[in-house]
Amino acid sequence: MELEIVNAKSSKPYGKVTVSSPSTTISDLRVLIHKNLKQTPDANRQSLRLDSRGKSVRDADTLESLSLRNGDKVYIKDLGPQIGWKTVFLAEYAGPLIVYLLFYFRPELIYGQAASKPISLTTHIAAGCYTVHYVKRLLETIFVHRFSHATMPLRNLFKNCSYYWGFTAYVSYHVNHPLYTSPCMCTVFPALIAFIFCELGNFSIHVALRNLRPPGTKVRRIPEPDTNPMTKLFNLVSCPNYTFEIGAWLSFSVMTCCLAAYLFAFAGAFQMTIWALAKHRNYKKEFKDYPRQRRSIFPYVL
């Protein structure tokens, strides 16, 4: 089968490639295109589509499933400079760890002489929670996550780091401030327990998702609970990792009674809800036998 490869923006042809089998996936086709047509973007920068203004086709799609025939055109959009997913995750999670602990361990650099005042137990607990969360995220990035895509646009590095690092500075400035007033410990300790529970739940879901995808593959399966009781939330929602993540940051906000923490929690919840709705739609579209009782992120609600 011979396909004509065309620039989606200018409509200028790059040339033609010969594909040996209709079962060739889009992922393999991207590699083949760059191998045979050197003037095309690197495989990781390519977004392939069947129309110049159409949607990108999925990596797992085959030429046969897309009804591509000999002589058909495939359009390439250049996604621009790329960077590895793991690199972005490490940068966006390492930053908050450094920023928060700078406020915690060296408050005199931020608050001056006022930093000599004693700080509350809640401030110490909050620093521990923040540290545990981002150390967990770094370790998950290195040892747990299996990414379906190798790269993302380079601009995401600056966008993501600005969000995480900026909010961390905002939250840590207030929680570590010499004038910070802790809520009652009868509020702090239950919220701490809830935070720990949600962090364990989030980790459990990440491990379960890792086990769905064999190493070195892009296999997609319906997420199901495993022997860990915390994964039972899969019976109710498609993205329980987001559910637990939101729960953890709401618990942190209640524990610190800090407006900045609440803003961070609600901003994260808003974004994760958008992601969850999109994933839920994709699951239902991809798997005809997807459980109908599941919601996207909040059990029985959304």
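# Meeting a predicted protein model

The protein chain carries 36 positive and 19 negative side chains, and the centres of those two sets lie 3 Å apart. What you see is a predicted model.

Student: Let's start simple. How many helices and strands does the protein chain have?

Tutor: Follow the chain along its sequence and you read β-β-α-β-β-β-α-α-α-β-α-α-α-α. Count up each kind of element and you get 8 helices and 6 strands.

Student: Along its principal axes, what does the C-alpha trace of the protein chain span?

Tutor: We're talking about a chain of 302 residues, and buried ones make up 45% of them. Take the C-alpha trace along the principal axes, and the span is about 75 × 45 × 30 Å.

Student: Among contacts between residues at least 6 apart in sequence, what percentage join residues at least 24 apart?

Tutor: Leu63 and Thr25 give you a feel for sequence distance against space: they are 38 residues apart in sequence, yet 6.4 Å apart from C-alpha to C-alpha. For the protein chain, take the contacts between residues at least 6 apart; the share joining residues at least 24 apart is 75%.

Student: And how much of the accessible surface belongs to carbon and sulfur atoms?

Tutor: The accessible surface of the protein chain comes to about 16,100 Å². The part that belongs to carbon and sulfur atoms is 62%.

Student: On to the open sheet of 4 strands. Which strands stand at its edges?

Tutor: The sheet is open, its pairing is mixed, and its order is β2-β1-β4-β3. Each edge strand has a single partner, so one side of it is left without a neighbour in the sheet. From one strand to the next, the twist averages 30°. The strands at the edges are β2 (13-18) and β3 (46-49).

Student: Which strands does helix α1 touch?

Tutor: Helix α1, residues 26-36, packs on this sheet, and its direction makes about 115° with that of β3. The strands it touches are β1, β2, β3 and β4 (73-78).

Student: In what sense do β1 and β2 pair?

Tutor: β1 covers residues 2-7, and 5 bridges tie it to β2. Among the partners, Leu3 goes with Val17, Glu4 with Lys16, and Ile5 with Gly15. Step up through those β1 residues and the β2 numbers step down. The pairing sense is antiparallel.

Student: Which residue in the hairpin of β1 and β2 takes a positive phi?

Tutor: The hairpin has 5 residues between its two strands. Look for a phi near 65°, and you land on Ser11.

Student: Which residue in β4 does Asn7 stand opposite?

Tutor: β1 also pairs with β4, this time in the parallel sense and over 4 bridges. In that strand, the residue opposite Asn7 is Ile76.

Student: Is Leu63 buried or exposed?

Tutor: Leu63 is in the loop between β3 and β4. Setting aside residues up to four places away in sequence, it touches Met1, Leu3, Val19, Ser21, Pro22, Thr24, Ile26, Leu29 and Leu68. Its relative accessible area is 0%, which is under the 20% cut-off, so Leu63 is buried.

Student: Which residues is Ser251 in contact with, leaving aside its neighbours within four places in sequence?

Tutor: Ser251 belongs to helix α7, residues 240-256. It is buried, with a relative accessible area of 9%. With those neighbours left aside, its contacts are Ala191, Ala194 and Phe195.

Student: Why does Arg213 count as buried?

Tutor: You'll find Arg213 in the loop between α6 (185-212) and α7. Buried means under 20% relative accessible area. Arg213 counts as buried because its relative accessibility is 13%.

Student: How far apart in space are Arg213 and Val254?

Tutor: In sequence, these two are 41 residues apart. In space, going from C-alpha to C-alpha, Arg213 and Val254 are apart by 36 Å.

Student: Last one! Leaving aside neighbours within four places in sequence, which residues is Arg137 in contact with?

Tutor: Arg137 has its place in helix α4, residues 121-143. With a relative accessible area of 9%, this arginine is buried. Once those sequence neighbours are left aside, its contacts are Tyr93, His145 and His206.

Key: Residues are numbered from 1 along each chain as its sequence is written. This is a predicted model: local features need pLDDT of at least 70, side-chain atom pairs count only at pLDDT 80 or more; totals for chains, interfaces and linings use all residues. Side-chain values use heavy atoms; hydrogens and water are left out. Buried means under 20% relative accessible area, exposed over 50%, partly exposed in between (1.4 Å probe, protein chains only). Contact means heavy atoms within 4.5 Å. Accessible areas come from the Shrake-Rupley method with a 1.4 Å probe; for residues, only the protein chains shown count as cover. Lys and Arg count as positive and Asp and Glu as negative; His and the chain ends are not counted. The place of a charge is taken as NZ of Lys, CZ of Arg, CG of Asp or CD of Glu. Two strands pair if DSSP finds at least two bridges between them. Axes are lines fitted to C-alpha atoms, for helices over the stretch in contact, and angles run from 0 to 180 degrees between N-to-C directions.
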